[in-house]
Amino acid sequence: MKKRIAIIGSGFSGLSAAAYTAKEGHEVHVFEKHNQPGGRARQLKTEEGYVFDMGPSWYWMPDVIQDFFEDFGYTTSSFFELISLNPQFEMIFSDEKIDVPENFEALKATFEKIEKGAGFQLEKFMKSAKFKYEVGMKDFVHKPCANWSEFISLKIAKSALKLDLLSNFRAYVARYFKDKKLRALMEFPVIFLGASPEKIPALYSLMNYGGYVLGTYYPKGGFYQLVLAMKKVAEEQGANFHFNSNVEKINVKDKSVSSLVINGEIYEFDEVIASSDYHHTETLLNAEYRNYTADYWEERTFAPSSLIFYLGFNETIPHLKHHTLFFEHELDLHIDSIYEKKRWPEKPLFYACCPSKTDHSVAPEGKENLFLLMPIATGIDDNEFVRQKYLMEMLSRIEKHTGVVDLQSKIDFKRSYCVKDFVSDYNAYGGNAYGLANTLNQTAVLKPKIRNKKLKNLFYTGQLTVPGPGVPPSIISGKIVANEINKIKK
């Protein structure tokens with residue numbers, strides 16, 4: 001039966017849900033508070049000629065993204081050119097730097113050079129990680145996770161021990177590598193899953209495989225090309241997009257959502273999918289219709305927030321790769337500041353993305369586009385003085401690495417983004433940047449439910465529900481919730 005469906009938000013999960021529900025013939029309307037699609041993956045264009053991806057910049061798990069397009073008869077190449085980065089990224093330590101090459105055999109050689117036997121250990125690690133990836137990304141993450149019975153299958157039962165669900169990631173990595181730098185290299189991807197490697201299940205070694213083995217890519221024109229491509233797919237299925245449309249209230253009648261208040265006007269729908277922040281969405285309901293209390297959200301473990309700088313420089317910066325991780329200090333010191341002490345880090349680590357090294361269209365000729373990101377705790381005090389202090393720290397370390405003097409004087413464009421901005425722009429709980437942490441007690445069935453328990457036609461999708469944070473999981477999340485709606489006959 002054809003339904004009139006509202007989707008709140010046009011992030012990756014909203015775009016995905018729109019495409020899959022529209023494909024089934026439903027009348028789909030996507031409401032986005034901003035003037036463009038993408039949510040956290042919006043694009044910033046400046047008068048000076050710089051083009052910034054405001055959020056995601058790591059194109060990992062290319063097969064998962066390809067699966068989305070193939071479901072609609074396309075490939076990614078139908079919309080944009082993917083460039084394989086070599087090196088995938090560079091990691092800067094206090095006394096040396098490590099390039100992660102595009103080729104896996106070359107990566108094994110790099111590991112072996114640092115620690116005898118580590119090349120063989122990396123091969124073993126990735127063989128196991130490949131298994132986790134194939135089971136995890138093909139079977140586990142596609143479950144709606146209403147209850148544990150969904151996971152009772154012969155294949156999953158046979159796989160249980162191999163998935164290392166009860167091992168923590170840090171101890172798991174330590175089984176393979178002794179060198180601290182190699183351990184840091186292997187642990188870095190899970191920082192963005194929202195907890196210390198000691199609290200992340202070893203299952204997520206699948207991320208190492210999805211990145212280091214399958215490769216790190218860049219969509220020419222920027223990550224925003226993926227947003228535009230998914231929007232086009234959704235529109236071709238019949239989805240309608242409405243920008244500058246803020247959902248202010250969810251009205252209820254007879255245990256169902258009856259309508260939404262959008263920019264002061266009332267619109268009726270049969271089903272509603274919230275791709276917006278889960279906690280914020282629930283505040284649009286009267287308290288008796290919410291899945292979770294304020295105390296519930298207060299007790300959850302959230303992924304980090306971030307201090308971000310979008311910088312344009314009036315000259316190019318030598319010796320800087322497309323992706324660079326500045327890890328001159330101890331990883332644990334920074335992690336503790338995020339998850340234990342919940343304060344600004346004393347010795348921060350940070351990430352630099354310089355897409356103009358690969359794509360000349362994102363900066364004027366002879367200039368440089370630089371995106372800086374430092375993971376920080378959610379909910380901490382955020383002001384301009386603190387932002388500027390950490391910018392100077394990051395620029396100083398880039399100067400040391402590149403040999404450039406006085407980078408600050410060469411800034412042609414500058415914009416910062418931090419906790420307050422995540423709250424105001426995305427209604428993000430605590431100013432989180434990546435959603436809910438993938439800790440063991442917040443995995444699968446233990447995540448917030450995709451369906452409202454009290455209202456039969458309200459669903460949730462995105463990084464605060466299953467399967468979790470990240471671009472590929474968000475795309476899958478949209479598909480999961482669309483499938484649940486498409487199964488409803490009445």
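This section describes the overall build of a predicted model and then a number of its local features.

In the predicted model, the chain of 490 residues has a radius of gyration of 22 Å, which agrees with the value near 23 Å that a compact globule with that number of residues would have. Along the principal axes, the C-alpha atoms fill a box of roughly 65 × 55 × 45 Å. The secondary structure comprises 15 helices and 19 strands. Of the 490 residues, 60% are buried, and among the contacts with a separation of 6 or more, 74% are made by residues that stand 24 or more positions apart. The chain exposes an area of about 19,800 Å², of which 51% is supplied by carbon and sulfur atoms. With regard to charge, the chain carries 61 positive and 61 negative charges, and the mean positions of these two sets are 5 Å apart.

At the level of individual elements, strand 1, which spans residues 4–8, has four of its five residues buried and is therefore largely enclosed by the rest of the structure. Strand 1 runs parallel to strand 2 (residues 27–31), and the two are joined by five bridges. Within this pairing, Arg 4 is found opposite Glu 27 of strand 2.

Helix 1 covers residues 12–23, and Lys 23 belongs to this helix. Lys 23 has a relative accessible area of 42% and is thus partly exposed, a class that lies between the limits of under 20% for buried and over 50% for exposed residues. When residues up to four places away in sequence are not counted, Lys 23 touches Asp 71, Phe 72 and Gln 237. By contrast, the C-alpha atoms of Lys 23 and Pro 101 are separated by 40 Å, these residues being 78 apart along the chain.

Two cis peptide bonds, each leading into a proline, may be described together. Asn 86 and Pro 87 are joined by a cis bond with omega of about 0°, and Pro 87 is placed in the loop that links strand 5 (82–84) to strand 6 (89–92). The bond from Val 466 to Pro 467 is likewise cis, with an omega near -5°; here the proline, Pro 467, lies in the loop between strand 19 (458–460) and helix 15 (471–486).

Positive phi values in residues other than glycine are found at Asp 406 and at Asn 427. For Asp 406, phi is near 55°, and the residue is located in the loop that follows helix 13 (384–402) and precedes strand 18 (411–417). Since its relative accessibility is 39%, Asp 406 counts as partly exposed. For Asn 427, phi is about 55°, and the residue lies in the loop between helix 14 (419–426) and strand 19. Because its relative accessibility is 24%, Asn 427 also counts as partly exposed. Strand 19 thus borders both the loop that holds Asn 427 and the loop that holds Pro 467.

How values were computed: Residues are numbered from 1 along each chain as its sequence is written. This is a predicted model: local features need pLDDT of at least 70, side-chain atom pairs count only at pLDDT 80 or more; totals for chains, interfaces and linings use all residues. Side-chain values use heavy atoms; hydrogens and water are left out. The radius of gyration is taken over C-alpha atoms; the globule rule is 2.2 Å times the number of residues to the power 0.38. Buried means under 20% relative accessible area, exposed over 50%, partly exposed in between (1.4 Å probe, protein chains only). Contact means heavy atoms within 4.5 Å. Accessible areas come from the Shrake-Rupley method with a 1.4 Å probe; for residues, only the protein chains shown count as cover. Lys and Arg count as positive and Asp and Glu as negative; His and the chain ends are not counted. The place of a charge is taken as NZ of Lys, CZ of Arg, CG of Asp or CD of Glu. Two strands pair if DSSP finds at least two bridges between them.
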